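User: I should like a close look at one part of this structure, with the charged and polar side chains around it set in context. Please give one connected account.

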Amino acid sequence: MPTPQQPSLIVRQKSPENIEFPFASLSDWLIPTELFFVRNHFPSPDLDARDWRLRVGGAVERPLELDLDSIKAMRSTTFTAVVECAGNGRVYYEPPKEGLQWQNGAVGNAAWTGVLLREILEMAGVKRTAREVLLGRSDDLTVRDSQAGANQIQH
């Protein structure tokens with residue numbers, strides 16, 4: 001719930017949830033977490049943190065399965081970076097383009113904290129034949145043409 005000092009977020013789509021930051025209200029170089037834009041292509045999966053696992057397989061020497069507590073116990077890094085949806089500003093296209101009609105608020109600068117993907121991949125021992133990292137979902141929804149091949153590292 002926004003406070004008198006916080007702007008209201010703009011709901012671009014209710015399901016799956018897609019929410020835009022009201023960019024005209026920008027007053028600082030960092031966007032607070034509760035005001036950061038949300039971009040979803042699928043509904044959020046219903047997960048239980050106790051059962052969730054990160055699996056790393058494919059073109060690695062040592063396939064991994066890490067629970068959330070194991071990941072939280074690893075060294076974390078904080079850095080500031082901008083994240084922007086590729087559709088940001090789509091409402092301004094002439095002629096109009098398909099998709100969510102984002103204005104300027106599908107972008108944000110934030111301080112991000114977590115374990116570096118590089119460190120997890122080093123634990124798994126990425127093979128020299130690996131060419132890409134393919135991120136998968138924690139539920140049964142799939143994206144067409146996302147099948148991992150022999151030269152991919154899969155989550």
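Leaving aside neighbours within four places in sequence, which residues is N18 in contact with?

Analyst: The model is predicted, and every value below is computed from it. Leaving aside neighbours within four places in sequence, N18 is in contact with I10, V11, R12, Q13, V38, R39, N40, L100 and W102. N18 itself belongs to strand β2, which covers residues 18-20. The relative accessible area of N18 is 0%, so this residue counts as buried. Its side chain is not without a polar partner: a polar contact of 2.9 Å joins the side chain of N18 to the side chain of R39.

Two of the residues that N18 touches, L100 and W102, also appear among the contacts of R90. Residues up to four places away in sequence not being counted, R90 touches K97, E98, G99, L100, Q101 and W102. R90 is placed in the loop between β5 (77-84) and β6. This arginine is buried and yet has no salt bridge. The nearest side chain of opposite charge is that of E98, at 8.9 Å, whereas a salt bridge requires a side-chain nitrogen of Lys or Arg within 4 Å of a carboxyl oxygen of Asp or Glu. The backbone of E98 does offer a partner, however: its oxygen lies 3.2 Å from a polar atom of the R90 side chain.

Salt bridges are found elsewhere. Side chains of opposite charge can pair when their charged atoms come close. The whole structure contains 4 salt bridges, among them the three described here.

One of them joins R50 to D48, with the closest N and O atoms 2.6 Å apart. R50 has a relative accessibility of 66% and therefore counts as exposed, while D48, at 28%, is partly exposed.

Another is formed by R55 and E65, whose closest N and O atoms are 3.1 Å apart. Because R55 lies in strand β3 (residues 53-58) and E65 in strand β4 (residues 64-67), the pair ties together parts that are 10 residues apart in sequence. R55 is partly exposed, its relative accessibility being 45%.

The side chains of R75 and E119 also meet in a salt bridge, at 2.3 Å from N to O. This pair links distant parts of the chain, 44 residues apart: R75 is in the loop between α1 (68-73) and β5, and E119 is in helix α2 (residues 117-124). R75 is exposed, with 57% relative accessibility, whereas E119 is buried, with a relative accessible area of 14%. Buried R90 has no salt bridge, but buried E119 has R75 as its partner.

E119 also leads to the rest of its helix. The buried residues of α2 are E119, I120, L121 and A124. An α-helix has 3.6 residues a turn, so residues three or four places apart point the same way. After α2 comes G125, with a positive phi near 70 degrees.

The nonpolar surface completes the account. F79, V83 and W112 make a nonpolar surface patch of about 260 Å². W112 is located in strand β6 (residues 107-114). Its relative accessibility is 35%, and W112 therefore counts as partly exposed.

How values were computed
Residues numbered from 1 in each chain as written. Predicted model: local features only at pLDDT ≥ 70, side-chain atom pairs only at ≥ 80, totals over all residues. Heavy atoms only, no water. Patch = residues over 30% accessible without salt bridge, like charges linked within 9 Å, V, L, I, M, F, W, Y side chains within 5 Å. Areas by Shrake-Rupley, 256 points an atom, 1.4 Å probe, with all protein chains shown as cover. Helix = DSSP H or I, 4+ residues; strand = E, 2+ residues; numbered from the N terminus. Buried < 20%, exposed > 50% of the residue type's maximum accessible area, 1.4 Å probe, protein only. Lys, Arg positive; Asp, Glu negative; His and termini not counted. Polar contact = N/O pair within 3.5 Å; in protein donor to acceptor, adjacent residues only side chain to side chain. Contact = heavy atoms within 4.5 Å.
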